[in-house]
Amino acid sequence: MTIKKLKDSKKHPGLCRLRIDGDMTIYTAERTKQDLLPHIDDYQVFDLDLAKVNEIATAGLQILLLLKRKADQSKRVVHLSKCSQAVRELLGLYHLQSWFDEQPAVQ
């Protein structure tokens, strides 16, 4: 699992675009958490590109829920964009599609 910060948008300076590649499972949860959470104080909007997430388990979902909760507490926004089939299936399993409304990536 790797997290890549995508190019900063000049049109949206408060936007952090991150792409997660690989698996989001119990084996990567702690590292994913450590890599994602420090960005929460630096940006107003997080666009998480999850197109390359091959496998996601409950532990990966818990990280997304934690990120969303922390963002909500500090009046920030988390968008999921380009969700892989695995991510869509897990969100559907837990009926979280509307809570994690998939949004188009901000250009």
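In which helix does Leu 64 lie? Leu 64 lies in helix α2. Helices (H or I, at least four residues) and strands (E, at least two) are DSSP runs, numbered from the N terminus.

This is a predicted model, in which local features need pLDDT of at least 70 and side-chain atom pairs count only at pLDDT 80 or more, while totals for chains, interfaces and linings use all residues. Residues are numbered from 1 along each chain as its sequence is written, and side-chain values use heavy atoms, with hydrogens and water left out.

**Helix α2 and the core**

Leu 64 has a relative accessible area of 1%, so it is buried. Buried means under 20% relative accessible area, exposed over 50%, and partly exposed in between (1.4 Å probe, protein chains only). Other buried residues of α2 include Ala 59, Leu 61, Leu 67 and Lys 68. Among the elements that cover the buried residues of α2 are β2, α1, β3, β4 and α3.

The length of α2 can be checked. The expected span of a helix is 1.5 Å times one less than its number of residues. For the 16 residues of α2 this gives 22 Å, and the end C-alpha atoms are 22 Å apart, so the two values agree.

A nonpolar core is a set of buried Ala, Val, Leu, Ile, Met, Phe, Trp, Tyr and Cys residues joined through side-chain atoms within 4.5 Å. The largest one here has 28 residues, of which Leu 48, Leu 50 and Leu 80 touch the most other members. Two or more residues come from each of β2 (15-24), α1, β3, α2 (58-73), β4 (77-81) and α3 (85-93). The most come from α2, which gives 7 residues.

Contact means heavy atoms within 4.5 Å. Leaving aside neighbours within four places in sequence, Leu 48 is in contact with residues including Leu 18, Leu 36, Leu 64 and Val 78. Two of these partners, Leu 64 and Val 78, are 14 residues apart along the chain, and their C-alpha atoms are separated by 9.1 Å.

**Helix α1 and strand β3**

In helix α1 (residues 29-36), the residues Ala 29, Thr 32 and Leu 36 are buried. They cover an arc of only 65 degrees around the axis, so they lie on the same side of α1. The arc is that of the directions from the helix axis to the C-beta atoms. An α-helix has 3.6 residues a turn, so residues three or four places apart point the same way.

Strand β3 (residues 45-56) contains Asp 49. Why does Asp 49 count as buried? Asp 49 counts as buried because its relative accessibility is 10%. Beyond its neighbours within four places in sequence, Asp 49 is in contact with Leu 18, Arg 19, Ile 20, Ser 81 and Lys 82.

Tyr 43 and Phe 46 are both buried. Their rings form an edge-to-face pair, with 6.4 Å centre to centre and 75 degrees between the planes. Rings of Phe, Tyr and Trp (its six-membered ring) pair if their centres lie within 6.5 Å; planes under 30 degrees apart count as stacked, over 60 as edge-to-face and the rest as tilted.

**Positive phi**

Most residues other than glycine have a negative phi. The table lists two residues with a positive value.

| Residue | Phi | Place | Relative accessibility |
|---|---|---|---|
| Lys 75 | near 60 degrees | loop between α2 and β4 | 69%, exposed |
| His 95 | near 55 degrees | segment after α3 | 66%, exposed |
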